[in-house]
Amino acid sequence: MNFNSKNPFLSNKRFSSNAVSKAEEVHQAQIIDYNQEMTLSGTINKTAILFLILCGSAMVTWWMAFNGMNALLPAIGGAIIGFILVLVSVFKPHLSPYLAPGYALFEGLFIGGISAIFEAMYPGIVINAVSATLVTFLVCLGLYKFKIVKVTEQFKSVVIAATLAIATYYLISWIASLIFNFTPVHYGNGMMSIGISVFVIIIAALNLFLDFDQIEKGVQERMPKFMEWYGAMGLMITLVWLYIEFLRLLSKLSSKD
């Protein structure tokens, strides 16, 4: 069966029976649970573990930031190391049982640092962003579970295209701002900027449906046990993206008051 990924991390190549079987042939010595299969309950449990690690790391960074530490340092360091771990996991999915917890730990540093910075500027924004993220996750999960939203090939194509367009726009805007001292349109608190943030949040939320579908397909395809960590890590990446976008949107709305 061939199914595409939406979350760039949850690539169809990694959730392909052929690709995983080849990885197993090369790395059988490293796969402890070789004879076990990916399950939905196992993926849920591992997602919960990653979430707890991320929250614990974020809370420590938050506490340190509000006790005199420069919050920008752990935020930048955590983001860089977390990104590196994601890249390694993309090419070495059998290492996900080790890389996923590390990603959650360092991404927690990033989340804690960024959250502390936003909270200092706009008191109360973090709890609102967390609440919005959790509610969005639960709503999307419910819509997917009860088949109210069905992940078709056309649905996947639209979300993938929109996600790639957003990533391209962010990259080009960042490069242009460095070279030409250009201020991207999504900066500031204008209506255009707010509209872009709302659009990005919608696309991030739609990626959740694709993540759910990818994990479900992985279970149906009887992927190896380590793919539970890989799927959980991909879901966490989308949640972190969604949370950051909610922070950005709420900060724009707060700055207009």
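1. Helices H2 and H4 lie oblique to each other. Their axes are 7 Å apart and the helices pack at an angle of about 40°. An angle under 35 degrees would count as roughly parallel, and one of 65 to 115 as roughly perpendicular, so an angle of about 40° is classed as oblique. The crossing of H2 with H4 is right-handed. Sorted by class, the residues in this contact are 13 nonpolar, six polar and two charged. The model discussed here is predicted.

2. The overall fold can be described briefly. The protein chain has eight helices and zero strands. Following the sequence from one end to the other gives the pattern α-α-α-α-α-α-α-α. The chain has 257 residues, of which 47% are buried. Among contacts with a separation of 6 or more, 85% join residues 24 or more positions apart.

3. H4 also packs against H3. H3 covers residues 72-91 and H4 covers residues 96-121. The two axes come within 7 Å and cross at roughly 155°. Angles over 145 degrees count as roughly antiparallel, which means that H3 and H4 fall in that class. H3 passes H4 in a left-handed crossing, whereas the crossing of H2 and H4 is right-handed.

4. Which residues of H3 and H4 meet? On the H3 side they include Leu 72, Pro 74, Gly 78, Ile 81, Gly 82, Leu 85 and Val 86. On the H4 side they include Leu 99, Gly 102, Tyr 103, Phe 106, Glu 107, Phe 110 and Ile 117. The residues of this contact divide into 15 nonpolar, six polar and one charged. Glycine is counted among the polar residues in this scheme, and Gly 78, Gly 82, Gly 102 and Gly 113 take part in the contact.

5. The largest nonpolar core has 54 residues. Seven elements are worth tracing on the structure here, since each of H2 (40-65), H3, H4, H5 (125-145), H6 (153-180), H7 (191-220) and H8 (227-255) gives two or more residues to this core. H8 supplies the largest share, 16 residues. A second, separate core has five residues, including Ala 162, Ile 166, Ile 196 and Ile 203. As background, nonpolar side chains tend to be buried together in soluble globular proteins.

6. Where are the most connected positions of the largest core? The residues with the most contacts inside it are Leu 50, Tyr 103, Ile 111, Leu 208, Ile 244 and Leu 247. Tyr 103 is a useful one to follow on the structure. Leaving out residues up to four places away in sequence, Tyr 103 touches Gly 82, Leu 85, Val 86, Met 233, Met 236, Ile 237 and Val 240. Gly 82, Leu 85 and Val 86 are also listed in the contact of H3 with H4.

7. Two loop residues deserve a check of their backbone. Lys 147 has a positive phi of about 60° although it is not a glycine. Lys 147 sits in the loop between H5 and H6. Is Lys 147 buried, partly exposed or exposed? Its relative accessible area is 44%, so Lys 147 is partly exposed.

8. Arg 222 is the other residue to look at. Arg 222, again not a glycine, has a positive phi of about 60°. Its place is the loop between H7 and H8. The cut-off for exposed is over 50% relative accessible area, so Arg 222, at 57%, counts as exposed.

Notes: Residues numbered from 1 in each chain as written. Predicted model: local features only at pLDDT ≥ 70, side-chain atom pairs only at ≥ 80, totals over all residues. Heavy atoms only, no water. Axes fitted to C-alpha atoms, helices over the stretch in contact; angles between N-to-C directions. Helix = DSSP H or I, 4+ residues; strand = E, 2+ residues; numbered from the N terminus. Left-handed = near helix turned anticlockwise from the far one by under 90°. Contact = heavy atoms within 4.5 Å. Core = buried A, V, L, I, M, F, W, Y, C linked by side-chain atoms within 4.5 Å. Buried < 20%, exposed > 50% of the residue type's maximum accessible area, 1.4 Å probe, protein only.
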